[in-house]
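Here are some exercises to work through with the structure open beside you. Try each task on your own, then follow the solution step by step.

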Amino acid sequence: MAATQQRIIAHFDLDAFFVSVECLNNPSLKGKPLLVGGRERGVVAACSYEARKFGIHSAMPMKTALKLCPQAIVTNNSRSDYSKYSRIVTNIIADKAPLFEKASIDEFYLDLTGMEKYFQPYQWTIDLRQEIIDKTALPISFAMASNKMVAKIATDQAKPNGYLHIPFGKEKEYLAPLTVNKIPGVGDSTYEVLKSMGIFTIRDLSEQAPELLEKRFGKYGFDLWNKSQGIHHGEVTPYHEAKSISTENTFEENIKGVDQLMVELVHMTERVAYELRQENKTAGCVAVKIRYPDFETTSKQSTIPYTFYDDELIPKAKELFHKLWRKGQPVRLLGVRLSELTDEAVQTNLFTDTEKKNGLYKAIDDVKNRFGKYAITKATGK
């Protein structure tokens, strides 16, 4: 039986992405303790390296962060540009990489296996990183290894704005001195349990009997032991631009009144937003389509910060409608489409009190799931 081909995996991560975009748009913020996120009840979506020195980290309540560093600057002025820059980087990678996975708004895995027959993969990846920097002015780090896990861990070690190569066969040696919580998926609670067992480094973990770990953690224990050996079989999932979600309505009688058109538009936007949430996706683009009685059809679209919330999608749909509609003209057909779908909800919605908002929409969707998607709608389009 032939040996399995050695894999070549690169992991790219845009450094402190939201912070970097803010500083790109406002260079006066560079070098300062900067917090990106929602004020008051919001959380820290990202923080500069200067802010991290005070013990601040992402997902920390903003109030806590400001107690640790009262002089920190809080902003999310460039929120609309986060998805724009993510798309630019995605397009650069898509043009060059034979196979890649977009893991989040600022994180990518590339499978370059087989490329060594034609290029030097490490130099090729260095050149790709430089192209991204040249075209966006954003700092980005990467690491290359034989699997996704080691590449991801090494990328964190390469930051800020650097790169590393972990040669095949050196994975275990590289991981050994690192603290065990560097393994992706080892959270605070697991880390505390491991420390109570005398396991502080990945070397400590690798020296444990797999059976002991399995007894303590179940199947996850054996998975942890494999990771401590530098073994990981996760595949790079090919990235495909998700299809759009849309709805349109050809009216039995042409509608001329703007109030009635607004009611229809709101209901249609609520419908596609509900479907979006059911698929656990967010949309980065909204489009509205209008067809007149003479069958002339026009449409207009706009990119938006990724969202799946009705109250963020409806105002944009209304705005597009009013830019598009020939005032006073009757409408034969009205349509709403959400596109550029992704699962980046968590990162791009850290700027509001999402726990409360998500709870509200979950309650609404639960009613719709039980009684039908039309069970709850806005009473008016105004």
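**Exercise 1. Strand 7 and its partners**

How many bridges join strand 7 to strand 8, and do the two run parallel or antiparallel? Then find the other partner strand and say how well strand 7 is covered.

*Solution.* Please keep in mind that this is a predicted model.

Step 1. Look at residues 163-165, which make up strand 8. Strand 7 and strand 8 run parallel, and 3 bridges join them. One pair to look for is M144 with its bridge partner H165 in strand 8.

Step 2. Now turn to strand 1, residues 9-14. Strand 1 and strand 7 are antiparallel and are joined by 6 bridges. Here you can find L14 opposite I140 of strand 7.

Step 3. Check the burial of strand 7, which spans residues 140-145. A residue counts as buried when its relative accessible area is under 20%. By that cut-off, 6 of the 6 residues in strand 7 are buried. On one side these are I140, F142 and M144, and on the other S141, A143 and A145, so both faces are covered.

Step 4. Follow the chain onward through helix 6 (residues 148-158) to strand 8. Together with strand 7, these elements make a β-α-β unit, and its hand is left.

**Exercise 2. The loop after helix 6**

Which two residues does a cis peptide bond join? Look also for a positive phi in the loop between helix 6 and strand 8.

*Solution.*

Step 1. The cis bond joins K159 and P160, with omega at about 0 degrees. P160 belongs to the loop between helix 6 and strand 8.

Step 2. N161 is in the loop between helix 6 and strand 8 too. Its phi is positive, about 55 degrees, although N161 is not a glycine.

Step 3. Is N161 buried, partly exposed or exposed? The relative accessible area of N161 is 35%, so this residue is partly exposed.

Step 4. For another case, go to A59, in the loop between helix 2 (49-52) and helix 3 (62-68). The phi of A59 is positive as well, near 75 degrees, and A59 is a residue other than glycine. A59 counts as exposed because its relative accessibility is 51%.

**Exercise 3. The largest pocket**

Which residues lie nearest the centre of the largest pocket, and how many residues line it?

*Solution.*

Step 1. The lining has 31 residues, and D13, S58, K152, D156 and K159 lie nearest the centre. The space in this pocket comes to about 1100 Å³.

Step 2. Sort the lining by class: 15 residues are nonpolar, 7 are polar and 9 are charged.

Step 3. Ask which elements contribute. At least two lining residues come from each of strand 1, helix 1, strand 3 (44-47), helix 6 and helix 8 (188-196).

Step 4. Take a closer look at helix 1, residues 17-25. Of its 9 residues, 7 are buried. They are F17, F18, V19, S20, V21, E22 and C23.

**Exercise 4. Two open sheets and a hairpin**

In what order do the strands of the 4-strand open sheet lie, and which strands stand at its edges? Then describe the 3-strand open sheet and the hairpin of strand 5 and strand 6.

*Solution.*

Step 1. The order is 9-12-10-11, with antiparallel pairing. Strand 9 (245-255) and strand 11 (297-307) each have a single partner strand, so they stand at the edges with one side left without a neighbour in the sheet. From one strand to the next, the twist averages 15 degrees.

Step 2. Examine one pairing here: strand 10 (residues 282-291) and strand 11 share 8 bridges. A283 stands opposite T307 of strand 11.

Step 3. The 3-strand sheet has the order 3-2-4 and mixed pairing. Its edge strands are strand 3 and strand 4 (73-75), each paired on one side only. The average twist between one strand and the next is 30 degrees.

Step 4. Strand 2 (residues 34-37) pairs with strand 3 over 3 bridges in the antiparallel sense. In this pairing, G37 has V44 as its bridge partner.

Step 5. Finish with the hairpin, where 2 residues lie between strand 5 and strand 6. These antiparallel strands, residues 100-104 and 107-111, are joined by 4 bridges. F100 is opposite L110 of strand 6, and 4 of the 5 residues in strand 5 are buried.

Terms used:
Residues are numbered from 1 along each chain as its sequence is written. This is a predicted model: local features need pLDDT of at least 70, side-chain atom pairs count only at pLDDT 80 or more; totals for chains, interfaces and linings use all residues. Side-chain values use heavy atoms; hydrogens and water are left out. Buried means under 20% relative accessible area, exposed over 50%, partly exposed in between (1.4 Å probe, protein chains only). Two strands pair if DSSP finds at least two bridges between them. A crossover is right-handed if, with the strands pointing away from the viewer, the path from the first strand over the helix to the second runs clockwise. On a 1 Å grid over the protein atoms alone, a cavity is a set of points where a 1.4 Å probe fits but cannot get out, and a pocket is an open set with protein on both sides within 12 Å along at least five of seven lines; lining residues have an atom within 4 Å of a point. Grid points are joined across faces, edges and corners, and a volume is the space filled by probe spheres set on the points. Ala, Val, Leu, Ile, Met, Phe, Trp, Tyr, Cys and Pro count as nonpolar, Asp, Glu, Lys and Arg as charged, and the others, Gly among them, as polar. Axes are lines fitted to C-alpha atoms, for helices over the stretch in contact, and angles run from 0 to 180 degrees between N-to-C directions.
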